[in-house]
Amino acid sequence: MAIEVRDVNKSFGATPVLRDVSIDVAAGSLTALLGPSGGGKSTLLRVIAGLEQPDTGTVLISGVDATRLAPQRRNVGFVFQHYAAFKHLTVFRNVAFGLEIRKRPKAEIRKRVMELLELVHLEKLADRYPSQLSGGQRQRMALARALAVEPQVLLLDEPFGALDAQVRKELRTWLRRLHDEVHVTTVFVTHDQEEAIEVADEIVVLAGGEVVQTGTPGEVYDNPANPFVMRFLGPVTEIGGNLVRPHDIEISQDPVEGGSPAVVSRVVRLGFEVRVEVEIGGHEAWVQVTRDQADRLGIGPGDTVHVRPVPGARSLALAV
Amino acid sequence: MTRSRVAGGTAAGLGIAMLYLSLIVLIPLAAVVWRSMDEGPGYFWRSITTPDAWAALTLTIGASALVALINLVMGTIIAWVLVRDRFPGRSVLDTIIDLPFALPTIVAGLVLLALYGPQSPLGINLAYTRAAVVLALMFVTLPFVVRTVQPVLLELDKEMEQAAASLGAGPFQTFRRIILPNLIPAMLSGTALAFTRAIAEFGSTVLISGNLPFKTQVAAVNIFSQIESDNTTGAAAISTALLAVALVALITLDVLQRWGSRRG
Ligand SMILES: Nc1ncnc2c1ncn2[C@@H]1O[C@H](COP(=O)(O)OP(=O)(O)OP(=O)(O)O)[C@@H](O)[C@H]1O
Ligand SMILES: [Mg+2]
């Protein structure tokens, strides 16, 4: 294991922020820390990096107890949500910082920094100052700076949080590819479930300071530990007291076994997919179908249909 | 359309600023310089090189430079303590820093004489020495560096320091490579302000220094004595010399700053 966090507790004043948190991060993996705002994701990341001291519990990095180790001795790369660029240094000197601290020879620093700048596509901007870069460029600079010292683990706090949707998507795929190239154990924080599912090998869901579930994106999506996780990881709707994914429901015009009668209230076409809103015995639900299916059914508001979860659909009973 | 309106607004602002500066600063300063040349450059030069004027000028510039340096170091340390340390009485201290500005400087001189004069309760008698001049100047210029550095330090991104730490920098390296370069512009401008304020100081030095010509008389006091003896041209000449020194100091620090920020 590259990182082992054991029973970590951390409070700020009287408010507990991390409660008995334990996670394992496999060497070479790309792990997402996913959870709602205020769930303690940043705090956990900062505890791993040594920027915050846990009240109790231990942190092992590459098998070595690092709990009381100062951040500068952990050899952990940290990328901050707001970049934390060194404003007074050029892009080149930002990336070179860790190597200069380690007193590497000038020629070696130059070579390594230029390699990294190429890796993050900033080789042409080496002489700029951070204030002359776009958000995405600053973020990539921060990433190169963290990678320069060949950290044992790379920690990214909402690496794309402050960027617009388009750039976010680009950097996401790029991060995945970068990770496949560099293979450094990486943990990144996000509150965007799509980002976590698309990029990560492993997802840790953190909410209210507790680890709610860990697993591969498939496991967490298909077998959520509780309704909270199910809701957090994707769209859900409620039929017959169960929480079901709207794409796991089938609609038919004739009664089917296990189906419930429902009245269509609205049909919304969202390009490729169609959202059919229905009323089942007084409460609302919705079903996601493809355009083809919708055309074949030919339904409209006011029609009576029958809905049921598809065979093998994952559903969670809601405790009433 | 909006562009030209913005440009128009800027032009109006610039006009007002220039007019104001002219009335309040440029014209009076020009008048002083002009006056100093009343009797020609030869007289100007003789006025500032009479033994007593020259002694006053060198003492003033020397003492002010020393005081500016002390301020640079101490002011930065005080600003640091005020921003980064939590201790009881911090906000009281924060308020006290500005008092030297509020106290009439002659009163400051009186207080200093009482504390560090012949009747010193602390047993330190600096009266009528050059050390007394330095002390008085330190007192009146204390707030400059503190108040220029403090806001910059408050705004400094803590995550920069944490990033430096996670890249392997120890506390001292972080201070030298990250914090200090970000503070230097403010430190230098505070120092420049303290220096220019110190070379013009009159009130606080009058009592404690004793105004001994050739020993403790500062330039402003020398100017005053020239005016009293009806030598206004000579007084204007010494003032102009002070102005020139201040200007050189401001320009030097500005150049240093630009050079520093380019080098990073
Ligand atoms: N230095 C601090 N002092 C006091 N409380 C803090 C501090 N840092 C974090 N907290 C509190 O701890 C809780 C968890 O914060 P944390 O930043 O870890 O959340 P997060 O999951 O990263 O949230 P977000 O997605 O909004 O960044 C929050 O309620 C926050 O207010
Ligand atoms: Mg956070």
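This passage describes the overall make-up of chain A and then two residues of chain B in a predicted model.

Chain A makes a convenient starting point. Its secondary structure comprises 9 helices and 18 strands, and its C-alpha trace extends over about 75 × 45 × 30 Å along the principal axes. Of the 320 residues in chain A, 49% are classed as buried. Among contacts in chain A with a separation of 6 or more, 63% join residues 24 or more positions apart.

The surface and charges of chain A round off this part of the picture. About 14500 Å² of chain A is exposed, and carbon and sulfur atoms contribute 49% of that area. Chain A carries 36 positive and 41 negative charges, and the mean positions of these two sets lie 10 Å apart.

Turning to chain B, two helical residues are worth a visit. Ser47(B) sits in helix α2, which covers residues 40-49 of chain B. This serine counts as buried because its relative accessibility is 7%, under the cut-off of 20%. Leaving aside residues up to four places away in sequence, Ser47(B) is in contact with Ala53(B), Gly234(B), Ala237(B) and Ile238(B).

Glu228(B), for its part, belongs to helix α11, made up of residues 219-228 of chain B. With a relative accessibility of 60%, Glu228(B) is classed as exposed, since the cut-off for that class is over 50%. Glu228(B) and Leu142(B) are 86 residues apart along the chain, and a distance of 31 Å separates their C-alpha atoms.

Conventions:
Residues numbered from 1 in each chain as written. Chains lettered and ligands numbered in written order. Predicted model: local features only at pLDDT ≥ 70, side-chain atom pairs only at ≥ 80, totals over all residues. Heavy atoms only, no water. Helix = DSSP H or I, 4+ residues; strand = E, 2+ residues; numbered from the N terminus. Buried < 20%, exposed > 50% of the residue type's maximum accessible area, 1.4 Å probe, protein only. Contact = heavy atoms within 4.5 Å. Areas by Shrake-Rupley, 256 points an atom, 1.4 Å probe, with all protein chains shown as cover. Lys, Arg positive; Asp, Glu negative; His and termini not counted. Charge placed at Lys NZ, Arg CZ, Asp CG, Glu CD.
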